[in-house]
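Thanks for passing this one along. Here are my notes, in numbered points, to read beside the structure.

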Amino acid sequence: MGLDLKPLKDGDTVCVVGGGPGGASCAIALKRLADEQGRDVRVAIFEQKKFEENRQFNQCIGVLSPPLEEILANNFGLELPRELIVKEIKGYRLHSDGMSLDLAGHESGKTYAVHRSHFDAFMLAQAEKAGATVIHNRATGMEISPEDVLVYSEGENVRASAVVGAFGMDEGACKVFEWSTPYRQPDFLNTIITRLYPGEEFLREIGPTIQAFLLSFQGLEFGAVTPKLDHLSINIAGRRVSARVMLEFLRSEPVQRFLPPHQRRENPLHYFKGKFPIAPARNLCGDRYVMVGDAAGLIRPFKGKGINSACLTGLFAARCMMNAGVSRRAFERVYLKDCRVFTDDLVYGRVLRALTNLSTRFKFMDHILKIAEKDPVFMDCLFNCVSAHKTYKEIFRETASLSLGLSFAREFFNHFISRQGMKAGA
């Protein structure tokens with residue numbers, strides 16, 4: 001297609017659509033690499049939000065997990081400001097319909113709860129400091145020709161050698177790319193998030209632990225209650241989650257224990273609906289365009305670590321454009337190869353999701369927690385699945401054993417006999 005789709009050269013421009021962690025990371029990496037190689041590469045970021053105003057709700061819960069601090073330090077020369085951290089997360093507790101289990105394991109590095117808008121503002125400010133130009137307008141259209149890319153917005157337009165899609169799961173920006181390229185949005189789960197303000201004493205009582213729930217009612221795949229500075233962030237996810245499913249989740253007995261008494265029967269004031277990807281997008285790169293972060297669907301399957309993935313995919317895209325080129329071939333050969341750290345784990349994540357959904361559907365999750373309570377290897381497995389400390393491929397390889405298989409067979413037999421007895425009694 002292109003006349004010159006080689007690496008970015010002196011005087012070229014890259015347009016980034018979206019100023020979240022993926023877009024900001026890509027911009028920082030581009031400017032750092034250009035400086036190292038003695039090239040003047042301009043980076044323009046379209047971001048309609050002003051994160052520091054905290055006017056929009058971000059569907060991300062705002063948990064920064066390892067190895068994000070290493071990623072920022074080693075690849076972008078950044079240190080996470082201590083003032084961004086509202087709470088250090090100390091542990092995870094997993095709940096089924098009738099059982100709860102404190103997950104014991106070792107996580108290298110610390111997990112922090114932050115205000116997501118504050119973290120996004122920090123990253124975008126670092127991109128500006130590195131030399132990127134931020135344009136607070138929404139991208140409204142795009143034309144890709146053999147010579148360049150023209151990106152339209154509600155304000156000024158930008159001509160560039162390449163465009164980076166870093167808009168998360170924003171419908172408007174997604175349509176701009178779908179109209180202009182073969183790109184198609186990744187498959188996703190819907191999410192609903194709400195907040196409750198229980199007071200300082202209640203937050204102290206429940207402690208800095210993330211409560212994860214795998215319950216067996218229809219429409220829900222998983223839920224979580226995450227303590228923040230002055231509130232609880234509560235999120236659920238599934239194909240067809242709704243306000244009704246959220247209310248059912250909040251009223252379920254396992255969740256009730258982590259809500260303050262005066263709010264256990266009240267409807268939350270506000271719900272926020274969003275979505276997150278569970279598979280790579282189709283045609284996520286081509287001549288003069290590439291997607292990063294959620295827009296690419298290149299996140300850890302089932303347990304996202306979306307901020308880490310956004311930063312890394314932004315870095316990988318920048319490296320490819322600076323060193324290999326901006327053609328589809330270059331992106332497929334270099335960028336997608338780097339992204340195998342995510343894609344190689346996809347099949348394992350899909351298997352885990354399928355097994356989890358079957359376990360909750362047939363009310364087998366209580367038995368799984370019983371096995372983990374007795375088996376330290378399987379306990380490690382659940383900890384790593386929930387904390388996302390290891391890849392699913394590593395988890396499967398370290399966990400699979402004959403003795404564990406026999407434990408599952410025994411619990412499954414007990415579960416089957418129990419259900420048959422219940423049916424006979426009915």
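1. Let me begin with strand β10, residues 149-153, which is mostly covered: four of its five residues are buried. Please keep in mind throughout that this is a predicted model.

2. What does β10 pair with? One partner is strand β9 (residues 139-144), which runs antiparallel to β10 over five bridges. To find the register on screen, look for Glu143, whose bridge partner in β10 is Leu150. The β9 and β10 strands make a hairpin, with four residues between them.

3. Strand β11 (residues 158-160) is also joined to β10, by three bridges and in the antiparallel sense. Here Val149 stands opposite Ala160 of β11. This connection is again a hairpin, and four residues lead from β10 to β11. As a general reminder for viewing such pairs, strands of a sheet pair through backbone hydrogen bonds, either parallel or antiparallel.

4. Now to a parallel case. Strand β1 (residues 13-17) and β2 run parallel and are joined by five bridges. Val17 has Phe46 in β2 as its bridge partner. Why can β2 be called largely enclosed by the rest of the structure? Because four of the five residues of this strand, residues 42-46, are buried, where buried means under 20% relative accessible area.

5. A further sheet deserves its own point. It is open and has three strands, in the order β3-β7-β4, with antiparallel pairing. Its edge strands are β3 (63-64) and β4 (85-89), each of which pairs on one side only. Between β3 and strand β7 (residues 111-114) there are two bridges, and these strands run antiparallel. Leu64 is a handy marker here: its bridge partner in β7 is Tyr112.

6. Lastly, the surface. Which residues gather in a patch of negative charge there? They are Asp10, Asp35, Glu36 and Asp40. Of these, Glu36 lies in helix α1, which spans residues 21-36. Is Glu36 buried or exposed? Glu36 has a relative accessible area of 59% and is therefore exposed, since the exposed class takes in values over 50%.

7. For a quick tour, I would go from β10 with its antiparallel neighbours β9 and β11 to the parallel pair β1 and β2. After that come the open sheet β3-β7-β4 and the negative patch that includes Glu36.

Key
Residues numbered from 1 in each chain as written. Predicted model: local features only at pLDDT ≥ 70, side-chain atom pairs only at ≥ 80, totals over all residues. Heavy atoms only, no water. Patch = residues over 30% accessible without salt bridge, like charges linked within 9 Å, V, L, I, M, F, W, Y side chains within 5 Å. Areas by Shrake-Rupley, 256 points an atom, 1.4 Å probe, with all protein chains shown as cover. Salt bridge = Lys/Arg side-chain N within 4 Å of Asp/Glu carboxyl O. Lys, Arg positive; Asp, Glu negative; His and termini not counted. Charge placed at Lys NZ, Arg CZ, Asp CG, Glu CD. Buried < 20%, exposed > 50% of the residue type's maximum accessible area, 1.4 Å probe, protein only. Pairing = 2+ DSSP bridges.
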